[in-house]
Every structure is written in structure tokens, then in C-alpha cells.
Amino acid sequence: MVDLAAEAAVANGFPGPAYDEPPIIEVRDLSIAYRGKPALDKVTLDIHRHEIFGIIGPANSGKTSFLRALNRMDAFNTAMEVSGSIRINGKNINDWRNEYALRSRIGVVFPLPVGLPLTVYENVAFSPRLRGIRKKAELDEVVERCLTRAALWDEVKDRLDSLGSLLSGGQQQRLTIARALSQEPELLLLDEFSIAVDPVTTMRIEDVLKELRSELTIVLVTNLVQQARRLADRTAFFLMGELVEIGATEDLFEGEVRDKRTTGYIEGRFG
Amino acid sequence: MFTATPLNRRSYRNQSLAKAVFFLMTVVLVIPVLLIVGTLVVKGAPAISWEFLFTAPTDNMTAGGIFPALVGTIWLVVVALLASVPVGVAAALYLSEYAPDNLLTRTINLAIINLAGVPSIVHALFGFGAFVLFFRMGQSILAASLTLAIMTLPVVIVATRESLQAVPQAFREACWNMGATRWQTIRKVVLPNSISGILTGVILEVSRTAGETAPIMFTGAAMFVPFLPESVFDQTMAMSYHLYNVATQLTDVPEELTFGVALVLIAIVLMMNAVSIGFRVYLRGMKKW
């Protein structure tokens with residue numbers, strides 16, 4: 001498959017994932033349980049700057065729990081117990097006394113879109129305003145850029161003042177993506193972002209993600225193995241809370257795997 | 001095919017029976033309300049006039065109007081609101097948005113529910129002991145209003161907490177995930193979407209405050225004060241206590257006057273409730289998700 005966006009990125013001077021630099025995320029022995037019921041078991045992995053890191057696996061494999069731990073979302077849910085360590089940019093995320101500052105650098109998109117009960121414009125301007133951007137012109141610029149990247153601008157540019165929560169499901173999902181981008185994050189966590197989005201729009205967003213790789217790091221949890229194949233530089237396979245396989249995406253899909261369960265899942269024999 | 005079995009027929013009959021019983025109970029519920037309002041209107045309406053509303057009682061309260069009581073009730077309600085709304089809303093915000101779900105929080109929640117169940121006469125005695133005697137406020141609007149405030153605090157807290165919790169958790173998480181603090185989330189998303197519900201609770205509190213008699217009779221309400229209160233340290237007449245007096249404590253009060261007082265009191269309460277219902281309808285129209 002010819003990867004136009006990636007080639008364009010390379011042409012623009014983007015050298016690809018920074019595997020020779022220290023990783024942006026270092027996860028060590030990460031275990032997660034909900035009221036004692038384990039969801040993720042001693043996962044250790046590194047994620048490098050400027051890569052799209054894919055996570056595949058069937059339902060209940062711990063993919064979403066992994067993402068939630070990266071953002072310290074366990075603070076929202078008293079039932080969620082996290083052990084092990086996660087370092088982002090070399091700093092343990094539990095050492096951030098101001099967890100809000102940590103989260104403001106991480107964009108998150110979940111499978112079910114959440115349009116805030118604000119206007120489309122205010123949804124996207126929310127995070128820039130938190131950063132202290134006050135000037136209307138500057139905000140306008142951010143809003144337009146983020147909505148364009150999320151492939152939503154053309155549909156909403158004439159009704160930026162209508163409520164974000166009244167958009168259709170697919171539009172709300174793209175609004176959520178625009179909102180995550182408006183944080184100008186260093187890290188973008190996507191959890192099955194394309195479930196509520198039609199295939200054509202999904203492709204447009206996927207192209208944007210490939211471009212974004214030159215600016216940030218993306219962790220992509222997906223149920224669609226082919227989406228991981230299209231996008232991810234490296235892919236991890238989670239099964240029942242266990243990290244079964246991790247490696248370069250081509251290798252996984254070419255069958256160069258350590259565990260035959262990986263091939264079984266990729267080829268659709270179970271899951 | 002397509003014929004009712006005996007089981008179908010029995011289900012249908014039971015369903016009709018259930019509906020009939022529930023309808024009957026609803027009628028039983030409505031009848032006393034209609035009777036009360038009807039009696040008050042028929043017997044009290046002849047007494048209502050501008051003069052009745054805007055002059056003081058005369059002739060040992062057997063004639064004249066109710067103006068000092070009307071003004072007194074407004075004083076009591078306003079001062080009680082000033083005391084209970086900030087405390088109640090802040091407490092509800094803490095309990096709903098900040099407090100971890102632990103033993104302390106659960107104990108506080110239980111205490112609030114219990115506070116709502118305390119009989120008003122007990123609040124009255126507490127208010128007399130605490131405000132009138134201990135804090136040396138004397139019998140005054142301040143002491144009476146604070147007693148009313150404590151009594152209605154649970155209403156404000158519960159109504160506020162419920163309208164806060166009606167805002168979907170997903171909105172909060174979406175904000176937190178963008179790095180918004182809890183307070184920023186409350187200010188920008190939670191409060192704007194629950195403010196109408198909170199106001200509804202406050203208005204219901206107003207109607208309850210206006211109607212209560214027991215908590216004010218030892219703490220600040222007077223049987224007869226010929227002038228209007230000038231500060232919160234004055235004693236005052238109040239509609240509810242005035243009704244109690246003209247109905248039971250005084251002789252020779254014309255029946256028409258008693259019912260007139262009751263009619264005005266219930267009209268205030270019903271008007272407040274109507275405003276509250278209006279808010280709720282408005283709230284439903286504003287629903288943003």
C-alpha cells in the first residue's frame with residue numbers, strides 16, 4: 001500500500017519515529033484492577049516520540065484501562081486501582097502534584113463522543129481559553145485549524161454557534177477530536193475513535209493522524225486490526241489483560257510473531 | 001392464531017383494574033386540595049381588598065388589614081434565604097463535586113437527611129436556645145430567619161445536589177481530560193446546566209419558609225406590631241403566625257378576615273410553586289443534551 005501522507009511527511013523533513021531518543025512513555029509493570037478484579041497484568045513497554053503506537057485486542061483485554069492510566073483517569077474512578085509506574089518525558093506521572101497540568105498536555109478521544117453542552121465554537125475554544133488565550137482572532141484561528149484537521153470545518157463553519165451536543169454522533173466524535181487537538185497536546189490518546197464515524201471520514205482523519213505524527217505522539221487503541229495496520233508504526237496485542245505481543249506493525253502482520261495467538265487474532269480466527 | 005388466550009384476558013383485566021385503582025387514588029389526592037383552595041377562595045375572597053393588603057390590623061386585630069404581617073414575612077424569607085442559599089449551595093457543591101465517597105461523606109449525607117426529618121417545633125426550640133438566648137439576638141427577625149434557614153437547609157442542599165448530579169458525568173470527565181480543574185469544570189459546564197434546577201429548589205424553600213409557624217413563634221414573630229420592622233433586630237408580625245393568632249388566639253375575629261389571611265398566605269405559597277414549575281418547564285426547554 002502506498003502511504004501518501006507518510007511519504008509527504010518524509011518529504012517535509014519528518015524523519016519518522018525517534019527510536020534513538022529516550023522514549024516519551026515508559027510503562028513498567030503496570031497492573032490495573034477494578035475492585036480487586038484484574039484488568040491488566042504487569043505490562044511493560046516503551047512508546048517513542050513521533051510514533052503511532054497501535055494497541056489491538058478483543059473486548060476486555062485491558063486496552064482502554066491502559067489508556068485511562070496514562071492520563072491518570074483512575075482519579076475519576078475510586079474502583080480503579082493502578083500499580084506499577086508510568087513515566088512520561090522521564091517523570092513519573094504520579095509525581096505531578098498538579099494532575100490538571102499533566103492532563104492538559106494529553107489529548108484524549110473515547111469511543112462514545114461527548115459534545116459538551118456549549119456551542120461548537122466554545123467546545124473547541126475551551127482548552128485554549130484554559131491556556132489563557134483571550135484574543136478573539138487567535139481563538140478563531142485555533143478553532144478553524146482544529147476543526148479543519150478533524151474533518152469537521154466544512155460541515156459546521158456556518159453554525160459555530162449551535163450547540164455541540166446537538167450535532168450528529170459522527171460529528172460529535174470529530175468535535176471531540178478537534179477538542180483534543182485544540183489542547184496542542186504532546187500526546188494523543190485515541191480509543192476506537194472511528195466507531196461512530198463513517199468510513200470516508202475515518203480515512204480523512206487517518207490521513208490527518210499520519211501528518212500529525214511529525215508534531216506529536218499518538219497511542220491508538222483500535223478494534224479494527226486493519227486500522228492498526230494502516231496507521232501504526234508499532235503495534236501491541238493485548239489479550240485478557242496480558243501484553244502478548246509487541247513489535248513493528250509490518251512484522252506482526254507478516255506473521256513474524258512470538259505467540260501464535262497474535263496471528264490467530266490478526267487473521268480473525270478469534271476475538 | 002390472533003385470538004386472546006385466557007391468560008391474555010386475565011392480564012388485560014388485571015391491567016384495567018390496576019389503572020382504575022391508581023386513578024381512584026389520584027382523585028382522593030386531589031379532592032382535599034380542591035376543597036381547601038375552594039373553601040378559602042369562597043370564604044376569604046370577600047375580605048381581600050387593597051386596604052386589606054396594605055393597612056395594619058385595627059380594633060385588637062378584629063378589623064383592618066395585614067400589611068405588617070405581609071412585610072414581616074418578606075423580611076423573614078429574604079434574610080433566611082441570604083443565610084441558607086450560600087451555605088446550602090456551597091455544601092451541595094462540595095458533597096457532589098469534591099467529596100470522596102467515604103465514611104465521612106456518607107455520615108454527612110445521613111445527617112442532612114435527618115436534619116430534614118427534624119420536626120419544626122424542635123428547630124424552634126433550638127433556635128430559641130441558640131440564637132435568642134445564647135447568641136443574645138433576642139426575639140428578632142435575625143433569630144427567626146436563622147432558625148428558618150437551618151430548617152430549610154436540607155431542602156436547598158438536596159435540590160442542589162440533585163440538579164448537579166443530573167449533569168452527565170461524561171461532561172465532567174471530558175473537561176478534566178482537557179486539563180480543566182474541578183472548579184473550572186463546575187463554573188463552565190456543571191453550574192450553567194444545573195442553575196435552573198437549583199433555583200427551583202430555592203423557590204420551593206421560599207414557599208416553605210413563608211408558611212412555617214412553629215420556628216418563628218418563639219424566635220422573632222410577634223402577635224401585634226403596629227409599625228413595620230426597620231432592621232433585622234426588630235420583632236415582626238408574620239403571615240403564618242398572624243393566621244394562627246386570628247384563628248385560635250383571639251375572639252370576635254370575623255370569619256371572613258381569618259379566611260382572607262389564609263387565602264393570601266396560600267396564594268403566596270402557590271404563586272411561588274407556580275414560578276418553580278415554570279422554571280422546571282423552562283429548564284426542560286433549555287436541555288442541552
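## Chain A: core, strands and contact with chain B

Leaving aside neighbours within four places in sequence, A:Leu220 is in contact with A:Ile52, A:Phe53, A:Gly54, A:Ile55, A:Leu190, A:Ala228, A:Leu231 and A:Ala232. The model is predicted. In the largest nonpolar core, which has 146 residues, A:Leu220 and B:Leu76 touch the most other members. Helix H6 of chain B, residues 141-165, gives the most to this core, with 15 residues.

Several of the contacts of A:Leu220 fall in one strand. A:Ile52, A:Phe53, A:Gly54 and A:Ile55 are among these contacts, and strand E3 of chain A covers residues 52-56. Five of the five residues of E3(A) are buried, so the strand is largely enclosed by the rest of the structure. Which way do the residues of E3(A) point? A:Ile52, A:Gly54 and A:Ile56 point one way, A:Phe53 and A:Ile55 the other way, and all are buried.

E3(A) pairs with two strands. Four bridges join E3(A) to strand E8 of chain A, residues 217-221, and the two run parallel. Here A:Ile52 has A:Ile218 as its bridge partner in E8(A). Four bridges also join E3(A) to strand E9 of chain A, residues 234-239, again in parallel. In E9(A), A:Phe237 is the bridge partner of A:Ile56.

A separate topic is the antiparallel sheet. Four strands of chain A form an open sheet in the order E2-E1-E4-E5, with antiparallel pairing. E2 (37-47) and E5 (91-92) stand at the edges with a single partner strand each, so one side of each is left without a neighbour in the sheet. Strand E1 of chain A, residues 25-34, is joined to strand E4 of chain A, residues 80-88, by eight bridges, and the two run antiparallel. A:Ser31 has A:Ser83 as its bridge partner in E4(A).

The strand pairs are set out below.

| Strand pair (chain A) | Bridges | Direction |
|---|---|---|
| E1 (residues 25-34) and E4 (residues 80-88) | eight bridges | antiparallel |
| E3 and E8 (residues 217-221) | four bridges | parallel |
| E3 and E9 (residues 234-239) | four bridges | parallel |

Now the chain as a whole. Chain A has 11 helices and 10 strands. Its radius of gyration is 18 Å, close to the 18 Å that the globule rule gives for 271 residues, so chain A is as compact as a globular protein of that length. The C-alpha trace of chain A spans about 55 × 45 × 35 Å along its principal axes. Of the 271 residues, 44% count as buried. Among contacts in chain A with a separation of 6 or more, 69% come from residues 24 or more positions apart.

How many residues does each chain give to the contact between chain A and chain B? Chain A gives 18 residues and chain B gives 17 residues. On the side of chain A that touches chain B, helix H3 (99-104) and helix H4 (120-130) of chain A each supply at least two residues. H3(A) gives the most to that side, with four residues. By class, the side of chain A has 10 nonpolar, six polar and two charged residues.

H4(A) also faces its own chain. In H4(A), the residues A:Val120, A:Asn123, A:Val124, A:Ala125, A:Phe126, A:Ser127 and A:Pro128 are buried. The buried residues of H4(A) pack against three helices of chain A: H5 (136-149), H6 (153-156) and H7 (169-182). Just after H4(A), A:Gly132 takes a positive phi of about 100°.

Technical notes
Residues are numbered from 1 along each chain as its sequence is written. Chains are lettered from A and ligands numbered from 1 in the order in which they are written. This is a predicted model: local features need pLDDT of at least 70, side-chain atom pairs count only at pLDDT 80 or more; totals for chains, interfaces and linings use all residues. Two strands pair if DSSP finds at least two bridges between them. A residue is buried if 20 or more other C-beta atoms lie within 10 Å of its own, exposed if 12 or fewer, and partly exposed in between; C-beta atoms are placed from the backbone. The radius of gyration is taken over C-alpha atoms; the globule rule is 2.2 Å times the number of residues to the power 0.38. Two residues are in contact if their C-beta atoms, placed from the backbone, lie within 7 Å. Ala, Val, Leu, Ile, Met, Phe, Trp, Tyr, Cys and Pro count as nonpolar, Asp, Glu, Lys and Arg as charged, and the others, Gly among them, as polar. A nonpolar core is a set of buried Ala, Val, Leu, Ile, Met, Phe, Trp, Tyr and Cys residues joined through C-beta atoms within 7 Å.
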